[in-house]
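Subject: The model, and what turned up in it

Hi,

Here is the structure I promised to pass on. Have a look at it first, and then read my notes underneath.

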Amino acid sequence: MSVRALWFERGRLFLLDQRRLPSRVVVQGYTQVEHVAEAIRSMVVRGAPSIGVAAAYGMALASRQAGWTSARAARLLGSTRPTANDLFVGIDAVRSAWDHGRDPLEAASEYRDIVVGECHRIGEAGAPLFRTRERVLTHCNAGALATVEWGTALAPLRVAHDRGSPIFVWVDETRPLLQGSRLTAWELEQEGIPHAVIADNAAGHFMRRGEVDAVIVGADRIARNGDFANKVGTYEKAVLARENGIPFYVAAPFSTFDPASADGTAIPVEERSEEELRRMGGSELMPRKSRARNPAFDVTPSRFVTSFITPTGLASPRGLGQVFRARVRATEARSAARGSARARTGRRSTRRSD
Ligand code: MRU
């Protein structure tokens, strides 16, 4: 796995600045929660699972800074990007460790390992779908950059490619910040996976000509009924896929599933600055007095989803109850394992002191 989006070493969180790719590979080290929050807000680090892991380490850094409480750090980090459910799961994982006297840094690293492990399992679960569906369209970047390692949408394609399936990826450029052409194409190029970038509005053209066998995307938040938020433009790809009889897959770790959202109307959609539409590389793209609207995400109704690809396998929108229950069981199993590890350590230290 050659792509490294973020890592923690010698007291610093290192983030690959995703705004500079593909022309420059710039890595910056962070020691303060305020700076990590700004890096998330300004999209140095982006993609729901990576945002969650960065926030988890941000909490751990705050716990070592003077004047920070877990509540204050959680408030700051939680104000950065409202749509990604993973952000809040990452924050809460470390907040609860901090509040219960466990090591916040250990909790952040444990959270990171969970996310990476789940993405790997998504890759294994989804790969068989692409043995015969070889020309796959994806929107935005749901690869290793967005998830620390593996990816969600890109993980099954990676695994299928590694096993010899002749995968070809149609990469939507993904206006306005070009996560598709800058980041997904960069990742695919690193791994030698054949692909072609297309303008966002070309997807329908290739679907109608029979040149797309499947669509796969990630998600920022999945409601209980299977409605989900993902990068703006996902909804229209889902509608086009349905119109053209093409299967549409959504890949996500447990942290993206939000039990508090009953359906898509409960999902908060981040609206970003119009400046992201107004300028590109220093050039003005619209008249100065024109206004713009810039929703970063849209919500796709669950009826357009063929299957969710999750760490526990494939699930239909109607079968999501099982995924939500598996998510709860996984959390309970981890806290039980921590409890018995603590009991073992306690017994050992009692014996030592006897
Ligand atoms: O605004 P971004 O770049 O953070 O949006 C990212 C996406 O929409 C991804 O598809 C989503 O976070 C899933 S990443 C595995």
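Below are my notes, going from the whole chain to single residues.

First, the ground rules. This is a predicted model, so to speak of local features I need pLDDT of at least 70, and side-chain atom pairs count only at pLDDT 80 or more, while totals for chains, interfaces and linings use all residues. Residues are numbered from 1 along each chain as its sequence is written, and side-chain values use heavy atoms, with hydrogens and water left out.

**Overall**

The chain has 12 helices and 15 strands; these are DSSP runs numbered from the N terminus, with helices being H or I of at least four residues and strands E of at least two. Its radius of gyration is 20 Å, close to the 20 Å that the globule rule gives for 354 residues, so the chain is as compact as a globular protein of that length. (That radius is taken over C-alpha atoms, and the rule is 2.2 Å times the number of residues to the power 0.38.) The C-alpha trace spans about 75 × 45 × 40 Å along its principal axes.

Buried residues account for 54% of the 354, where buried means under 20% relative accessible area, exposed over 50% and partly exposed in between, with a 1.4 Å probe and protein chains only. Of the contacts between residues at least 6 apart in sequence, 75% join residues at least 24 apart; a contact means heavy atoms within 4.5 Å. The accessible surface is about 15,400 Å², with 49% of that belonging to carbon and sulfur atoms (Shrake-Rupley method, 1.4 Å probe; for residues, only the protein chains shown count as cover).

**Two helices**

Helix α4 (residues 85-99) has 15 residues, which should span 21 Å at 1.5 Å a residue, and its end C-alpha atoms are indeed 21 Å apart. The expected span here is 1.5 Å times one less than the number of residues. Buried residues in α4 include Leu87, Ile91, Val94 and Trp98. Just after α4, Gly101 takes a positive phi of about 75 degrees.

Helix α5 (residues 104-126) passes the span check too: 33 Å is expected for its 23 residues, and its end C-alpha atoms are 33 Å apart. At the start of α5, a side-chain oxygen of Asp103 comes to within 3.0 Å of the backbone nitrogen of Leu105.

**Strands**

Strands count as paired if DSSP finds at least two bridges between them. One open sheet has 3 strands in the order β8-β9-β13, with antiparallel pairing. Its edge strands are β8 (221-222) and β13 (297-300), each pairing on one side only. Strand β9 (residues 228-231) meets β13 over 4 bridges.

Asn230 lies in β9, and its bridge partner in β13 is Asp298. With a relative accessible area of 5%, Asn230 is buried. The Asn230 side chain also makes a polar contact with that of Thr234, at 3.0 Å (N or O atoms within 3.5 Å; within protein, one must be able to donate a hydrogen and the other to accept it, and residues adjacent in sequence count only if both atoms are side-chain atoms).

Strand β14 (residues 307-310) is worth a look as well. Ser307 and Ile309 point one way from β14, Phe308 and Thr310 point the other way, and all are buried. β14 pairs in the parallel sense with strand β10 (residues 248-251) over 3 bridges, and Ala251 stands opposite Ile309. With strand β15 (residues 313-315), β14 pairs in the antiparallel sense over 3 bridges, and a hairpin of 2 residues joins β14 to β15.

Strand β4 (residues 135-138) runs parallel to β5 (residues 168-172), joined by 4 bridges, and pairs in the parallel sense with β7 (residues 214-217) over 2 bridges. Leu137 stands opposite Trp170 in β5 and has Val215 as its bridge partner in β7.

**Backbone oddities**

Most residues other than glycine have a negative phi, and most peptide bonds are trans. Here are some exceptions.

- A cis peptide bond joins Leu21 and Pro22, with omega about 5 degrees; Pro22 is in the loop between β2 (12-16) and β3 (27-30).
- Arg175 and Pro176 are joined by a cis peptide bond, with omega about 5 degrees.
- Val148 has a positive phi of about 80 degrees and is buried at 2% relative accessible area.
- Leu178, in the loop between β5 and α8, has a positive phi of about 60 degrees.

Cheers
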